[in-house]
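Please open the model in a viewer and keep the sequence panel visible. The tour below proceeds by selection, from one local feature to the whole chain and then to the charged side chains.

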Amino acid sequence: MEKIITKNEKETFALGFKLAAELQGGEVIMLSGDLGSGKTKFVQGLAKGLGIKAKVNSPTFNILKLYKTSGNKNIKSFCHIDTYRLHNEADLISLGVQDFFDDEQTVTAIEWAEKIKKIRPQNVIIVKLTHISENERGVEIKK
């Protein structure tokens, strides 16, 4: 497990960007942390690292957003999921997320991942973000 302290949003973003360079396609990244812990900033860096030019915001009301990637020949799309408003795992299953989990050309990032433990895939990257101070965040990455 890798443990990192970021000192500002820019460093949290950069950490997501760095992780994107390691991805091959088919990965599911499960993010957890309190409100304001940096989950979305990390995902924005991840998306940028995958070549997404569109603005990436947390899909809290939509639950799921799908983006086309560029720059990586193996990864064709990025699925960003926010389970904050879900009542249960069945809500997410009804959106067809299993198809994204099983797609070797898609990277999936799930915010508030602790809400869907029962349906999470076997091999995931776990990212846990915690508040240390007003600007600092602790980031644990388990691959």
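Which residue just after α2 takes a positive phi? Select glycine 51: its phi is about 90°. The model is a predicted one, in which local features need pLDDT of at least 70, side-chain atom pairs count only at pLDDT 80 or more, and totals for chains, interfaces and linings use all residues. Residues are numbered from 1 along each chain as its sequence is written, and side-chain values use heavy atoms, with hydrogens and water left out.

**Helix α2 and its cover**

Next, select residues 39-49, which form helix α2. Helices (H or I, at least four residues) and strands (E, at least two) are DSSP runs, numbered from the N terminus. Within α2, the buried residues are Lys39, Phe42, Val43, Gln44, Gly45, Leu46 and Ala47. Here buried denotes under 20% relative accessible area, exposed over 50%, and partly exposed in between (1.4 Å probe, protein chains only).

Now add the elements that cover these buried residues: they include helix α1 (9-22), together with the strands β2 (28-32), β4 (77-82), β5 (106-111), β6 (125-131) and β7 (137-142).

**The whole chain**

Select the entire protein chain and colour by secondary structure. There are 4 helices and 7 strands, and along the sequence they follow the pattern β-α-β-α-β-β-α-α-β-β-β. The radius of gyration is 14 Å, close to the 15 Å given by the globule rule for 143 residues, so the protein chain is as compact as a globular protein of that length. That radius is taken over C-alpha atoms, and the globule rule is 2.2 Å times the number of residues to the power 0.38. Along the principal axes, the C-alpha atoms fill a box of roughly 40 × 35 × 30 Å.

Of the 143 residues, 48% are buried. Among contacts (heavy atoms within 4.5 Å) with a separation of 6 or more, 66% involve residues 24 or more positions apart. A surface display will show about 7,800 Å² exposed, with carbon and sulfur atoms supplying 49% of it; accessible areas come from the Shrake-Rupley method with a 1.4 Å probe, and for residues only the protein chains shown count as cover.

**Salt bridges**

How many salt bridges does the structure hold? There are 3, each being a side-chain nitrogen of Lys or Arg within 4 Å of a carboxyl oxygen of Asp or Glu.

Begin with glutamate 2 and lysine 143, whose side chains meet at 4.0 Å, N to O. Glutamate 2 lies in strand β1 (residues 2-6) and lysine 143 in the segment after β7, so this pair ties together parts 141 residues apart in sequence. Glutamate 2 is partly exposed at 31% relative accessibility, whereas lysine 143 is exposed, with a relative accessible area of 56%.

Keep lysine 143 selected and add glutamate 22, which forms a salt bridge with lysine 143 at 2.5 Å, N to O. This pair links helix α1, where glutamate 22 lies, with the segment after β7, 121 residues apart. Glutamate 22 is partly exposed, at 38% relative accessibility. Glu2, Glu22 and Lys143 are thus displayed together as a network of salt bridges.

Finally, return to α2 and select lysine 41 with glutamate 9: their closest N and O atoms are 4.0 Å apart in a salt bridge. Lysine 41 belongs to helix α2 and glutamate 9 to helix α1, 32 residues apart. Lysine 41 is partly exposed at 26% relative accessibility; glutamate 9 is exposed, with a relative accessible area of 55%.
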